[in-house]
Amino acid sequence: MGKAIVIKYESKGEHFEILVDPDAALDMKLGKPVSIDKVLISDTIYKDSRRGLRASESSLKKVFGTTDSRRVAELMIRNGEVPLTAEQRKKLLDEKRRQIVEWISRNCIDTRTRAPVPPQRVELAMQQADVTIDPFKPVEEQVNDVIKSLQRSLPIKVAVAVFELKVPAEYAQKVKSHVMHMGRVVKETYDSEGNLLLELEAPAGMQDSILSKANEITHGNSEIRLISITK
């Protein structure tokens, strides 16, 4: 029990807690293949774990639609917050920072020389700007804010491209809500078959990321084409 951490989850006026292994819970949160049996210290869903109070079946049914404790625990981990140990947080932050540095170096140019920005220069500027990194948030959803912070001292900008993304109508709003975090919506129309045609201005290096996210949502039924690119 000494290694256990408590994951708390609140919804619809109800409060739930579970006891989990911190490393296995983090792996599950990050989408890695891990059995719920390796995550749970106890398969009891608590209302208050310190006092040993179990959650009622009616509250579980109300919030999760099931009383299956294993399924409830998995939903709590995937949709809730997983507390991080100091070691876990440092490891995740270091890795996310490295990914962001690589992304900026790959997609940005120095506005004075129009040359790529070396990773070491980006990393130094991030340290000086005291940039805040979210260990769980995707790189593509953080880089815009990071770049704005760096531009106060580092003359950089993103090589911009305009893409046309085509997705079936039934996925239109969900795709739009996700990809708009990766760039700026320039134009939104529908073709004769009802497909969404979304013109998106985004970093040139993000074509694969945009298509990957759209295909994830549409189960592979998306298309993308490059319209223009500007450096």
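**A tour from strand S7 outward**

Select strand S7, residues 160-167. Six of its eight residues are buried, so the strand is largely enclosed by the rest of the structure. Keep in mind throughout that this is a predicted model.

**The partners of S7**

Add S9 to the selection. S7 and S9 pair in the antiparallel sense over eight bridges. To find the register, pick Phe 163: it stands opposite Leu 200 in S9.

Now add strand S10, residues 223-230. S7 pairs with S10 too, in the antiparallel sense, over seven bridges. Here the residue to pick is Ala 161, with Ile 229 of S10 opposite.

**The loop before S9**

Go to Asn 195. This residue sits in the loop between strand S8 (184-190) and strand S9 (196-203). Is Asn 195 buried or exposed? Its relative accessibility is 12%; the cut-off for buried is under 20%, so Asn 195 counts as buried. Show side chains: a polar contact of 3.4 Å joins Asn 195 and Glu 193. Then look past the neighbours within four places in sequence. Asn 195 is in contact with Lys 166, Val 167, Pro 168, Ala 169, Thr 189 and Tyr 190.

**Helix H8**

Select residues 172-179, helix H8. Its buried residues are Ala 172, Val 175 and Val 179. Look down the axis of H8: these residues fall within an arc of 75°, so they line one face of the helix. On the other side, Gln 173 and Lys 174 are exposed. What covers the buried residues of H8? The cover includes S7, S8, S9 and helix H9 (207-218).

**Salt bridges**

The whole structure holds 15 salt bridges. Stay on H8 for one of them: the side chains of Lys 176 and Glu 188 meet at 2.6 Å, N to O, in a salt bridge. This pair links distant parts of the chain, with Lys 176 in helix H8 and Glu 188 in strand S8, twelve residues apart. Glu 188 is partly exposed, at 32% relative accessible area.

Next, select Lys 3, Asp 21 and Asp 23. Salt bridges that share partners join these three into one network.

Move to helix H5, residues 86-107. Asp 94 and Lys 90 both lie in H5, four residues apart, about one turn of the helix. Their side chains form a salt bridge of 2.8 Å, N to O. Asp 94 is partly exposed at 39% relative accessibility, and Lys 90 is exposed at 55%.

Last stop: Arg 112 and Asp 110. Their side chains meet in a salt bridge of 3.4 Å, N to O. Color by accessibility here. Arg 112 is exposed, with a relative accessible area of 60%, whereas Asp 110 is buried, at 4%.

Definitions and conventions
Residues numbered from 1 in each chain as written. Predicted model: local features only at pLDDT ≥ 70, side-chain atom pairs only at ≥ 80, totals over all residues. Heavy atoms only, no water. Helix = DSSP H or I, 4+ residues; strand = E, 2+ residues; numbered from the N terminus. Buried < 20%, exposed > 50% of the residue type's maximum accessible area, 1.4 Å probe, protein only. Polar contact = N/O pair within 3.5 Å; in protein donor to acceptor, adjacent residues only side chain to side chain. Contact = heavy atoms within 4.5 Å. Pairing = 2+ DSSP bridges. Arc of directions from axis to C-beta. Salt bridge = Lys/Arg side-chain N within 4 Å of Asp/Glu carboxyl O.
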